[in-house]
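Colleague: I have not looked at this one before. Can you take me through it?
Modeller: Yes, here it is.

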Amino acid sequence: MALSDLSADELARLESELGSEYDSLADRGLSLDLTRGKPSPEQLDLSERLLSLPGEGDHLAGGTDVRNYGGGAGLPELRSIMADLLGVDAGRVIAQDNASLSIMYDLVTFSMMFGTPDSERAWKDEPKLRWLCPVPGYDRHFNITEALGIEMIPVALDEGGPDMDQVEYLVSTDPSIKGMWCVPIYSNPTGTVYSDHTVSRLARMATAAPDFRVVWDNAYVVHTLTEDFPKVPDVDSLAAEAGHPNRFLQVCSTSKITFAGAGVSFLSSSRENLDWYLGHTGNRSIGPNKVNQLAHARFFGDADGVLGHMQKHREIVAPKFEAAAAALERRLDRYDVAHWTRPEGGYFIDLEVPDGTATETVRLAKEVGVSLTPAGSAYPYGQDPDDRHIRLAPTLPPLREVETAMDVVGLCALLAACRAALLTV
Ligand code: PLP
């Protein structure tokens, strides 16, 4: 029976039962972590061979000696593999060091310091700067814009992507809105895949700021949880056709394909944007780690090599997502009290609990040894106005621990909901 249909007596009885079960958890001495979307050691093992690549004597790539300075745009061998995966021309992709987050930080700081190719002045000299943030979203995106003093405007993320009526209205009327964070495929944390219609509207929409940018973070472009891979839209061509050739700055990396601390990141965009970016990075580095890039090129061979490798990840990760969903279902389904996403890819589940109970759920879980991302972290400034969303990351712990941790999360969510309901009857 739904929690909302229970009488005060029934609620009190349920609260007492759940409370005793919760109290007994303290004795189990749990120490489980569902906070961050990290690959598990088993996933990292899939790329162990990388540690011996490119190998002694293998240091020439198309005439480039990867051991030396230079090659700021990265190795063509590896760029063409990523270009195939993104469905773009190899000349439109550059390969950098290990973190796409660094590229994103650079993109915004370079715009602040120097302006973009379409800017009238450096963004820091603008009277006001604003940025659209589909929510729930990725906390580290929000950290970048917050650190740089850009005011963040939350925009609802619906089933097929951001609420485009709201986006179109805001960007067409407010020239201080300079950009937008987007994770178009298997969004963090909802798993949302933007619909073709949404992508086309983002490419076509009129913006009051001539230098408006979409940071198109394709972090999960090949991170499927099924046997299929998502279709990757060619956003640059769509935007160019609409007269906005420099709109999209697409990034991705091998962080969750090979090694999260020692992968390769990529930027794909118009030639003009890439030249602008490389012009600035050229002042702070005399070239990326091409040895690692060659190792990755040798490891994958080609784009199919990447896809085959991602299916091995799926075999490890998908059962954890299934176990997580099953545990939440067992605890919560019959009370019709919470909703959670069942993503077809990516690294997260978004659990929606009754308004005003997310912080309490996270606190209850923490007290009995299950760490969750703080409630609100998927919102700009860490503030979920409804205190409703909890991001769950099931990839890192072993399967059995995922089952236990999710069961605890379900119990805590139900207990918090029950207590909140008791206050209103
Ligand atoms: N973008 C999104 C949406 C992410 O979820 C993450 C990691 O969780 C990253 C970027 C980090 O990528 P990288 O390791 O390439 O910096």
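Colleague: How do the residues lining the largest pocket divide into nonpolar, polar and charged?
Modeller: The lining of the largest pocket has 10 nonpolar, eight polar and six charged residues. Keep in mind that this is a predicted model.

Colleague: Which residues lie nearest the centre of the largest pocket?
Modeller: Gly-37, Tyr-138, Arg-140, Ser-255 and Lys-256 do, out of 24 residues in the lining.

Colleague: And how much space lies in the largest pocket?
Modeller: About 510 Å³.

Colleague: Which helix gives the largest share of that lining?
Modeller: Helix H4, residues 100–114, with three residues.

Colleague: Where does the largest pocket lie with respect to the domains?
Modeller: The largest pocket lies between domain 1 (3–43 + 307–422) and domain 2 (70–301), because both give residues to its lining.

Colleague: OK, next pocket. How much space lies in the second largest?
Modeller: About 330 Å³. The second largest pocket is lined by 18 residues, and Leu-157, Asp-158, Glu-159, Thr-190 and Thr-192 lie nearest its centre.

Colleague: Which strands supply at least two residues of its lining?
Modeller: Strand E6 (151–158), strand E12 (339–340) and strand E13 (349–352) each do. E6 gives the most, with three residues.

Colleague: What about the classes and the domains there?
Modeller: By class, the second largest pocket is lined by seven nonpolar, six polar and five charged residues. Domain 1 and domain 2 each supply at least three residues of that lining.

Colleague: You mentioned E12 and E13. What order do the strands of their sheet have?
Modeller: The order is E12-E13-E15, in an open sheet of three strands with antiparallel pairing. E12 and strand E15 (389–392) each have a single partner strand and stand at the edges, so each has one side without a neighbour in the sheet.

Colleague: How many bridges join E13 to E15?
Modeller: Four, and the two strands run antiparallel. Ile-349 stands opposite Leu-392 in E15.

Colleague: Change of topic: which residues of helix H9 are buried?
Modeller: In H9, residues 271–281, the buried ones are Asn-273, Leu-274, Trp-276, Tyr-277, Leu-278, His-280 and Thr-281.

Colleague: What covers the buried residues of H9?
Modeller: The cover includes H4, along with strand E4 (93–95), strand E9 (213–217), strand E10 (248–253) and strand E11 (265–268). H4 came up earlier too, as the helix that gives three residues to the lining of the largest pocket.

Technical notes. Residues are numbered from 1 along each chain as its sequence is written. This is a predicted model: local features need pLDDT of at least 70, side-chain atom pairs count only at pLDDT 80 or more; totals for chains, interfaces and linings use all residues. Side-chain values use heavy atoms; hydrogens and water are left out. On a 1 Å grid over the protein atoms alone, a cavity is a set of points where a 1.4 Å probe fits but cannot get out, and a pocket is an open set with protein on both sides within 12 Å along at least five of seven lines; lining residues have an atom within 4 Å of a point. Grid points are joined across faces, edges and corners, and a volume is the space filled by probe spheres set on the points. Ala, Val, Leu, Ile, Met, Phe, Trp, Tyr, Cys and Pro count as nonpolar, Asp, Glu, Lys and Arg as charged, and the others, Gly among them, as polar. Domain bounds come from an automatic or database domain assignment. Buried means under 20% relative accessible area, exposed over 50%, partly exposed in between (1.4 Å probe, protein chains only). Contact means heavy atoms within 4.5 Å. Two strands pair if DSSP finds at least two bridges between them.
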